Amino acid sequence: MSEKALRLGTRRSKLAMAQSGQVAEAVSQVTGRPVELVEITTYGDVSREALAQIGGTGVFVTALRDALLRGEVDFAVHSLKDLPTTQPAELVLAAVPVREDPRDAIVARDALKFTDLPRGARIGTGSPRRMAQLNAYARAHGLDIECVAIRGNVDTRIGYVRNGELDAVVLAAAGLNRIGRSDEATDYLSVDTVLPAPGQGALAIECTADDADLIAALGELDDPLTRAAVTAERSLLAALEAGCSAPVGALADLPPLSGPLERGDPHADEQTVKEMRLRGVVGTTDGTSLVQLSTTGPVPQTHDQAVALGRDLAARMLAQGAAGLMGERAQ
């Protein structure tokens, strides 16, 4: 490979630039080539509509993929949870690096924990998935909360708490970690309380399918356990025929390691584990109806095995009425 700089396509947000910068550094190390960031504005960045209204699926991804296909960038970095579940034939996910903390975090006034919020607390989130599970948890535990639909970047969302408009907001822990603001989280929601979005905390590094040298180089950053986990989660989402904005949560984890991995223990995945657990949830946003199931099987060794894990759980969830809880997104 020559010394010509590789062009990395990224969204312009502070979070996207931070995570792309981290990937650029890693790619530069494995290729020996400089990497330059090419900032691209996506439809999801400029639209002020709620994600559920504009469809959610692909709104942060399409412009990056178009730039790849036009040859304007050599590879792109996405938040994996933003990727549509159907992969275009012309593009390949060359690497899924080690996953960050998959949990959701709370940033609340007065450093409050979720369960300490006052009665009638207003909690901001743009995610129907979070609304469904927070409302269901509150209903089951006698809490009185109101989920308020919001959009915007991390600064905007935390600003609603700082200026007193909201009592708390929910954000992805991985995002706060990547921009160095994890100290602002006042609580973390256990995945036993709120399952994350499929792929949450993971990144996807994508390039064109015909660039064998670059695919091989980027593949050095791939983490097989993370890839197996997110493949199972996305397979569940696809089999439910739901998009990124549907109220679906999923997490494939390795039960003995789940705690250490959540805490960011860098040595956790050095242990040998033989089973992967996949959990899925679908619910109405008011939290009155949830279908929540799990399955455990051998750690998938192939893409097809990971896909099968997700499809099998989706079939069981659909048999229990999951499709009827996803509103108009259900097919």
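Reader: In which sense do strand E12 (residues 275-283) and E13 pair, and over how many bridges?

Author: The general idea comes first: two strands count as paired if DSSP finds at least two bridges between them. Strands (E, at least two residues) and helices (H or I, at least four) are DSSP runs, numbered from the N terminus. In this case, E12 and E13 are antiparallel partners, with 9 bridges between them. You can pick out one spot on the ladder: Gly283 sits opposite Leu290 of E13.

Reader: Before we go on, what sort of model is this, and what are the ground rules?

Author: It's a predicted model, so local features need pLDDT of at least 70 and side-chain atom pairs count only at pLDDT 80 or more, while totals for chains, interfaces and linings use all residues. Residues are numbered from 1 along each chain as its sequence is written, and side-chain values use heavy atoms, with hydrogens and water left out.

Reader: Back to the sheet, then. What is its strand order, and is it open or closed?

Author: It's an open sheet of 3 strands in the order E11-E12-E13, paired antiparallel. Strand E11 (248-253) and strand E13 (290-298) are the edges: each has a single partner strand, so one side of each has no neighbour in the sheet. On average, neighbouring strands here are turned by 10° against each other, direction ignored. As a reading tip, side chains in a regular strand alternate between the two faces of the sheet.

Reader: Which helix packs on this sheet, and at what angle?

Author: For angles, axes are lines fitted to C-alpha atoms, for helices over the stretch in contact, and values run from 0 to 180 degrees between N-to-C directions. For touching, contact means heavy atoms within 4.5 Å. Here the helix is H11 (residues 303-319), which touches E12 and E13, and its direction makes about 145° with that of E13. Follow the chain past H11 and you meet Ala323 in the segment after it. Ala323 is 32 residues from Val291 in sequence, and their C-alpha atoms are 9.7 Å apart.

Reader: What does the nonpolar core look like, and which elements feed it?

Author: A nonpolar core is a set of buried Ala, Val, Leu, Ile, Met, Phe, Trp, Tyr and Cys residues joined through side-chain atoms within 4.5 Å. Buried means under 20% relative accessible area, exposed over 50%, and partly exposed in between (1.4 Å probe, protein chains only). The largest core has 25 residues, and those with the most contacts inside it are Leu236, Leu240, Val248, Met276, Val282 and Met317. Helix H9 (224-239), E11, E12, E13 and H11 each supply at least two residues, and H9 gives the most, with 5. A second, separate core has 17 residues, including Leu112, Ala121, Leu134 and Leu189.

Reader: What about parallel pairs: which strands show them?

Author: Try E1 (residues 6-11) first, where 5 of the 6 residues are buried. E1 runs parallel to strand E2 (residues 35-40), joined by 6 bridges, and Arg7 has Glu36 of E2 as its bridge partner. Then look at strand E6 (residues 121-125): 4 of its 5 residues are buried, so the rest of the structure largely encloses it. E6 pairs in the parallel sense with strand E7 (residues 145-149) over 5 bridges, and Ile123 is matched there with Cys147.

Reader: Now a charged side chain: is Arg99 buried or exposed?

Author: Arg99 is in the loop between strand E4 (91-95) and strand E5 (104-108), and its relative accessible area of 16% makes it buried. A polar contact is a pair of N or O atoms within 3.5 Å; within protein, one must be able to donate a hydrogen and the other to accept it, and residues adjacent in sequence count only if both atoms are side-chain atoms. The Arg99 side chain makes one with the side chain of Glu233, at 2.8 Å. Beyond four places away in sequence, Arg99 also touches residues including Gly199, Thr226, Val230 and Leu251.

Reader: And which residues have a positive phi without being glycine?

Author: Look at Asp110, with a phi of about 55°, and at Ala111, also about 55°. Asp110 lies in the loop between E5 and E6, and so does Ala111. Asp110 counts as exposed at 60% relative accessibility, and Ala111 counts as exposed at 57%.
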